[in-house]
Amino acid sequence: MAGKDLMVKVEKVNKFYKKLHVLRDIDMEVYSGEVVVLIGASGSGKTTLLRCINHLETVDSGCIYVDGEPIGSYVDEKGNLHKDSERVLNKKRARIGMVFQKFNLFSHLTVLENVMLALTTVQKFQREKAKEIAIQQLKHVGLHEKMDSYPSKLSGGQQQRVAIARSLAMQPKLMLFDEPTSALDPELVGEVLDTMINLAKEGMTMIVVTHEMGFAREVGNRILFLHEGVILDQGTPGEILSNPRHERTKVFLSKVL
């Protein structure tokens, strides 16, 4: 994309779980400000690809670059590849926000404390500074009035928005969403999607695994269809949802549209 910085580059990535070949020679590029939507049947490799980008899973071959740096490794002056130390890896990961299906909030902490936690423990901010950032991000997702509540007092949609605020508080350059609405009751899906739509409008680079095809059509710059660990089809939402090239894509879409 002319004039855009390359935010994510996935080169020939392979991932195995024992004998199961989950990702097969995956090549993918995501540019700054893009929203790339990953679709495909359960088990096609979508979540594994996201987790590899965040180095929650280690690739078996290939390389992933985020914001120009290899994630999980570095190249020395002789051109040799080495594993990142935990400290360096955490620093690189801090640029990547990830929102899961499950909210993963700490039940014994208030909403505000949940958002502050990584700021004080990972970023080493003073409490007052962390509190200021956390309140700002809770306002961002429309939940600052709930900052003294505990997660059990929130709806699922509100909990997911707190999880998004927690990721945004780290000021990431890239946000990864792994089916963020799949655990929600249908009437709560809209509030989470609206938050994500606003992030896209603000220019956040996002990779989203979802079955919400309306969101993919409205917000996605590109849709990638994964099948058995391979990117089988990719294109604009109009191309993929209205005129897919591959027969397997047509079959999948006939079940979800």
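In what order do the six strands of the open sheet lie, and how are they paired? Before I answer, please keep in mind that what we are looking at is a predicted model. The six strands run in the order β8-β9-β10-β3-β11-β12, and the pairing among them is mixed. At the edges stand β8, residues 96–99, and β12, residues 230–235, and since each has a single partner strand, one side of each is left without a neighbour in the sheet. If we ignore direction, neighbouring strands here are turned against each other by 20° on average.

Let me stay for a moment at the β12 edge, where β11, residues 222–227, pairs with β12 in the antiparallel sense over five bridges; within that pairing, Phe225 has Asp233 of β12 as its bridge partner.

Two helices should be mentioned together with this sheet. Helix α1, residues 46–53, packs on it and touches β3, β8, β9, β10 and β11, with a direction that makes about 150° with that of β9. Helix α6, residues 186–201, lies across β3, β9 and β10, and runs at about 145° to β10.

Now to the other sheet, which is open as well, with four strands in the order β2-β1-β4-β5 and antiparallel pairing. Its edge strands are β2, residues 20–31, and β5, residues 69–70, each of which pairs on one side only. Strand β1, residues 6–17, and strand β4, residues 61–66, run antiparallel and are joined by five bridges, and in β4 the bridge partner of Val8 is Val66. Helix α1 appears again at this point, since α1 packs on this sheet too, touching β1, β2 and β4, and its direction makes about 60° with that of β2.

Turning to helix against helix, the axes of α3, residues 111–121, and α4, residues 127–140, come within 9 Å and cross at roughly 125°, and the two helices are therefore oblique to each other. The crossing of α3 past α4 is right-handed. Among the residues that make the contact are Val115, Met116 and Leu119 of α3, and Ala130, Ile133 and Leu138 of α4; by class, the contact has ten nonpolar, one polar and two charged residues.

I will finish with a single residue: is Arg161, in helix α5, buried or exposed? With a relative accessible area of 12%, Arg161 is buried, because that value falls under the 20% cut-off. Beyond its neighbours within four places in sequence, Arg161 is in contact with Val141, Gly142, Leu143, Glu191, Val192 and Thr195.

Methods. Residues numbered from 1 in each chain as written. Predicted model: local features only at pLDDT ≥ 70, side-chain atom pairs only at ≥ 80, totals over all residues. Heavy atoms only, no water. Buried < 20%, exposed > 50% of the residue type's maximum accessible area, 1.4 Å probe, protein only. Contact = heavy atoms within 4.5 Å. Pairing = 2+ DSSP bridges. Axes fitted to C-alpha atoms, helices over the stretch in contact; angles between N-to-C directions. Parallel < 35°, antiparallel > 145°, perpendicular 65-115°, else oblique. Left-handed = near helix turned anticlockwise from the far one by under 90°. Nonpolar A, V, L, I, M, F, W, Y, C, P; charged D, E, K, R; others polar.
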